[in-house]
Amino acid sequence: MVDLASTAHDEGVNVGTMHRMKGLKFRCLIVAGVGEHSVPARAAVTPITDDKHAHALDMQRERCLLFVACTRAREELLVSWNGMVSPFVEPMV
């Protein structure tokens, strides 16, 4: 995730993970790398064959993480990916 906004304290581009964006706001924001192999993070999701309930909860948590990251932009948001888009974004494309 890249912040293209200038703030009162410093100017330039700031880089951070989706996990670190909670509670922050930016004028313009790029959420990069939202591809099918990155979001949801495979390591963060219990396989459905192991536990259907845990899998559903993990998928919801990963979906919420992307939502929170995308809602940090006040004016402009760009979501990018390489290859196939994440299944969380695909219905909106």
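With a relative accessible area of 41%, Arg61 counts as partly exposed (buried is under 20%, exposed over 50%, partly exposed in between, with a 1.4 Å probe and protein chains only). The model behind these exercises is predicted, so local features need pLDDT of at least 70 and side-chain atom pairs pLDDT 80 or more, while totals for chains, interfaces and linings use all residues. Residues are numbered from 1 along each chain as its sequence is written, and side-chain values use heavy atoms, with hydrogens and water left out.

**Exercise 1. The order of elements**

Task: State how many helices and strands the chain has, and give their pattern along the sequence.

Solution.
Step 1. The chain contains one helix and four strands (DSSP runs numbered from the N terminus: H or I of at least four residues for a helix, E of at least two for a strand).
Step 2. In sequence order the pattern is β-β-β-α-β.
Step 3. Strand 3 covers residues 26-31 and strand 4 residues 73-79, while helix 1 covers residues 52-70.

**Exercise 2. The salt bridges**

Task: Find how many salt bridges the whole structure has, and say where the partners of Glu75 and Asp58 lie.

Solution.
Step 1. The search of the whole structure gives two salt bridges (a side-chain nitrogen of Lys or Arg within 4 Å of a carboxyl oxygen of Asp or Glu).
Step 2. Glu75 pairs with Arg27, and their closest N and O atoms are 3.9 Å apart. Because Glu75 is in strand 4 and Arg27 in strand 3, this pair ties together parts that are 48 residues apart in sequence. Glu75 is exposed at 55% relative accessible area, whereas Arg27 is partly exposed at 30%.
Step 3. Asp58 pairs with Arg61, at 3.1 Å from N to O. Both residues belong to helix 1 and are three residues apart, about one turn of the helix. Asp58 is buried at 10% relative accessibility, and its partner Arg61 is partly exposed at 41%.

**Exercise 3. The loop between strand 3 and helix 1**

Task: Describe the peptide bond from Val39 to Pro40, then say whether Arg42 is buried or exposed and which residues it contacts.

Solution.
Step 1. The bond from Val39 to Pro40 is cis, with omega near 5 degrees. Pro40 sits in the loop between strand 3 and helix 1.
Step 2. Arg42 is found in the loop between strand 3 and helix 1. Arg42 is exposed, at 53% relative accessibility.
Step 3. With neighbours within four places in sequence set aside, Arg42 is in contact with Glu36 and His37 (contact means heavy atoms within 4.5 Å).
Step 4. Glu62 is 20 residues from Arg42 along the chain, and their C-alpha atoms are separated by 10.0 Å.

**Exercise 4. Three buried residues**

Task: For His55, Val89 and Phe26, name the part of the chain that holds the residue, then add its accessibility and a spatial relation.

Solution.
Step 1. His55 belongs to helix 1 and is buried at 18% relative accessibility. Apart from neighbours within four places in sequence, His55 contacts Val45, Thr46, Pro47 and Ile48.
Step 2. Val89 lies in the segment after strand 4 and is buried at 9% relative accessible area. Apart from neighbours within four places in sequence, Val89 contacts Val34, Leu66, Val79 and Trp81. Between Val89 and Arg63, 26 residues apart in sequence, the C-alpha to C-alpha distance is 9.5 Å.
Step 3. Phe26 is in strand 3 and is buried at 10% relative accessibility. Phe26 and Thr71 are 45 residues apart in sequence, yet 9.4 Å apart from C-alpha to C-alpha.

**Exercise 5. The whole chain and its largest pocket**

Task: Give the buried share of the 93 residues, the accessible surface of the chain, and the volume of the largest pocket.

Solution.
Step 1. Of the 93 residues, 32% are buried.
Step 2. Among contacts with a separation of 6 or more, 61% join residues 24 or more positions apart.
Step 3. The accessible surface is about 6,300 Å², and carbon and sulfur atoms hold 58% of that (Shrake-Rupley method, 1.4 Å probe; for residues, only the protein chains shown count as cover).
Step 4. The largest pocket has a volume of about 150 Å³. Its lining has 15 residues, with Met18, Ala32, Gly33, Ser38 and Val39 closest to the centre. A pocket is an open set of points on a 1 Å grid over the protein atoms alone, where a 1.4 Å probe fits, with protein on both sides within 12 Å along at least five of seven lines; lining residues have an atom within 4 Å of a point. Its volume is the space filled by probe spheres set on the points, which are joined across faces, edges and corners.
Step 5. The lining has nine nonpolar, five polar and one charged residues (nonpolar: Ala, Val, Leu, Ile, Met, Phe, Trp, Tyr, Cys and Pro; charged: Asp, Glu, Lys and Arg; polar: the others, Gly among them).
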